Amino acid sequence: MVPKLLDGKNALPIHKELFYNGEWHMPINEGRMEVFNPGNGKSLSRVSQAGVADVDAAVETAHQAFLEWRSTPPPQRAICLRRAADAIREHTEELALLDSLNTGNPVVEMLGDARVAAEHLDFFAGLIPMVKGETIPQSGETFHYTVRELLGVVVRIIAFNHPVLFAGAKMAAPIAAGNTVIIKPPDQAPLSCLRLVEILQDIFPPGVLSLLPGGAECGRALSRHPLVRSVALIGSVHTAKAIHHAASGTLKATHFELGGKNALLAFPDADIGNLVEGVARGMNFSWAGQSCGSTSRIFLHESHHDEVVERVVDYVKCHFKPGIPTDVSTTMGPVISEAARDRVLAYIESAKKEGATLVLGGKVPSGIPEIEGGYFIEPTIFTNVRPEMRIAMEEVFGPVMSVFKWTEEDDLIKQANATEYGLTASIYTQNMSTAHRVVQKIEAGFIWVNQVGRHFLGVPFGGVKASGMGRDECLEEMLSFTQTKSVSISLV
């Protein structure tokens, strides 16, 4: 079990620089950015920031490494990935602690993130033989076949809410296929990614794995670079549009997992106990609602609305209490920054003004001295939410749940689909005919039935509409970092 640690200075990575070509480098412009502990608002460190010249150097070395890595036999690539997975498992507690310090997420929750990252590396190591072509019968005069070729340098830009999980898991598919990867860690929380690369730096050949901390300038330069052949993002719609625009000049592939305004639809026959737990846990209050998959819109049938709301409020009060993120007893952390806290509080105020009913939370916690200075917000639940309200339409990315009451199924489906997002949804019913019927009508890329928030390696995960393009956690993810070449041979 991770020990209680309030300071954590001794857990920080040794290197705060850029990593490429198997070495650590100071940025050419010597730029640095301060990063903070959201749990107390105090500075943790200053981290180097890559500029355009640094991007050029890193991409060039990654491209040269690709020319060798693509010819590395699949069994050898698999060995490297499995060694990386084992190394992450050996350092699980350390990486979880760093993520807790730098993101504010409860340390116990972050233990699972490191384990999932290792599982992805093992999973894609096993899928390497699936990067293959096929033969296409035509006639006795010609022979046709296809081969899977690799893209080259792949950039993966990751979000702040789960840095180790995203960095470890999202390097797996492109490296397994035979590409090289440059990771751009989140501006707000780069420390665990720096430590992760310290752990993995001797496992892969120089240039196969690179890490470039940096801001918008770094992201634009990576997206524009002609030797970068694919840019994949976990982040916001705004950032995705900027990347898409920057990448358009070289017509490179893009792969996005973006935001969500996800609906949980509860039918009259839903198991109430299971439903209450699903509503409460699906909001991801543990990490302050900062999850693109959070079921933040709850549609309760009028027959059970009042009972479920009352029981959910009691459940949340009991299970999600803000506390010091690195304390193993903490069940809810802060949002990532002061700016994020102010933005979420503004959404709460707008909901009040628009007529929603506040039934829980809605303010900064008070009377807890140990978390003063941190960016905490109480778990917040609104009822009597109407579809036109801001909290019903926009992604809050904070611990704010909106509850709707419904009576007619057609109106329910219309409201559930009435946002620009389409990442996940959850349906609660004991009637499988109802479940299958509603699944067909909901505009989302991943739908749970009688459960929330679970991911399964091998089952494609991704969104529709403004929630992204491409699918992760499956063979399709790995194949998206390849391209097909067709060959036709005359036999006469």
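Here are some worked exercises on a predicted model.

**Exercise 1. Lay out the open sheet of 7 strands: what is the strand order, and which strands stand at the edges?**

Step 1: Write down the order, which is E14-E15-E16-E13-E12-E17-E18, with mixed pairing.

Step 2: Look at the two ends. Strand E14 (357-360) and strand E18 (446-449) each have a single partner strand, so one side of each is left without a neighbour in the sheet.

Step 3: Add the twist, which averages 20 degrees from one strand to the next.

Step 4: Put the helices on. Helix H10 (residues 305-319) packs on the sheet and touches strand E13 (297-301), E14, strand E15 (380-383) and strand E16 (400-406). The direction of H10 makes about 165 degrees with that of E16. Helix H11 (residues 338-353) lies across E14, E15 and E16, and runs at about 25 degrees to E15.

**Exercise 2. Work along edge strand E18: how is it joined to E17, and which of its side chains are buried?**

Step 1: Start with the pairing. Strand E17 (residues 424-428) and E18 run parallel, and 4 bridges join them.

Step 2: Match up residues across the pair. Ser-426 sits opposite Trp-448 of E18, and Ile-427 sits opposite Val-449 of E18.

Step 3: Recall the background rule. In a regular strand, side chains alternate between the two faces of the sheet.

Step 4: Apply that to E18. Phe-446 and Trp-448 point to one face and are buried. Ile-447 and Val-449 point to the other face and are not buried.

**Exercise 3. Describe how H4 and H5 pack: at what angle, how far apart, and through which residues?**

Step 1: Two packed helices are described by the angle between their axes and the distance between the axes.

Step 2: For helix H4 (residues 107-127) and H5, the angle is about 5 degrees and the axes are 7 Å apart. Angles under 35 degrees count as roughly parallel, so H4 is roughly parallel to H5.

Step 3: List who touches. On the H4 side, the contact includes Ala-117, Leu-121 and Phe-124. On the H5 side, it includes Leu-165, Gly-168, Met-171 and Ala-172.

Step 4: Sort the contact residues by type. They come out as 12 nonpolar, 2 polar and 1 charged.

**Exercise 4. Find the largest nonpolar core: how many residues does it have, and which helix gives the most to it?**

Step 1: The largest nonpolar core has 63 residues. Ile-88, Met-171, Leu-200 and Phe-204 have the most contacts inside it.

Step 2: Helix H5 (residues 163-177) gives the most, with 11 residues.

Step 3: Zoom in on Phe-204. Leaving aside neighbours within four places in sequence, Phe-204 is in contact with Trp-69, Cys-80, Leu-81, Ala-84, Ile-175 and Leu-209.

Step 4: Don't stop at one core. A second, separate core has 35 residues, among them Ala-288, Ile-377, Val-400 and Ala-425.

**Exercise 5. Check two spots for cover: how many residues of E5 are buried, and is Val-492 buried or exposed?**

Step 1: Take strand E5 (residues 135-139). Among its 5 residues the count of buried ones is 0, so E5 is hardly covered.

Step 2: See what E5 pairs with. E5 and strand E6 (residues 142-150) run antiparallel, joined by 3 bridges. They form a hairpin with 2 residues between them, and Thr-135 has Tyr-145 as its bridge partner in E6.

Step 3: Now go to Val-492, in the segment after strand E20 (482-490). Its relative accessibility is 77%, so Val-492 counts as exposed.

Step 4: Compare sequence and space. Val-492 and His-305 are 187 residues apart in sequence, and their C-alpha atoms are 74 Å apart.

Notes
Residues numbered from 1 in each chain as written. Predicted model: local features only at pLDDT ≥ 70, side-chain atom pairs only at ≥ 80, totals over all residues. Heavy atoms only, no water. Pairing = 2+ DSSP bridges. Axes fitted to C-alpha atoms, helices over the stretch in contact; angles between N-to-C directions. Contact = heavy atoms within 4.5 Å. Core = buried A, V, L, I, M, F, W, Y, C linked by side-chain atoms within 4.5 Å. Buried < 20%, exposed > 50% of the residue type's maximum accessible area, 1.4 Å probe, protein only. Parallel < 35°, antiparallel > 145°, perpendicular 65-115°, else oblique. Nonpolar A, V, L, I, M, F, W, Y, C, P; charged D, E, K, R; others polar.
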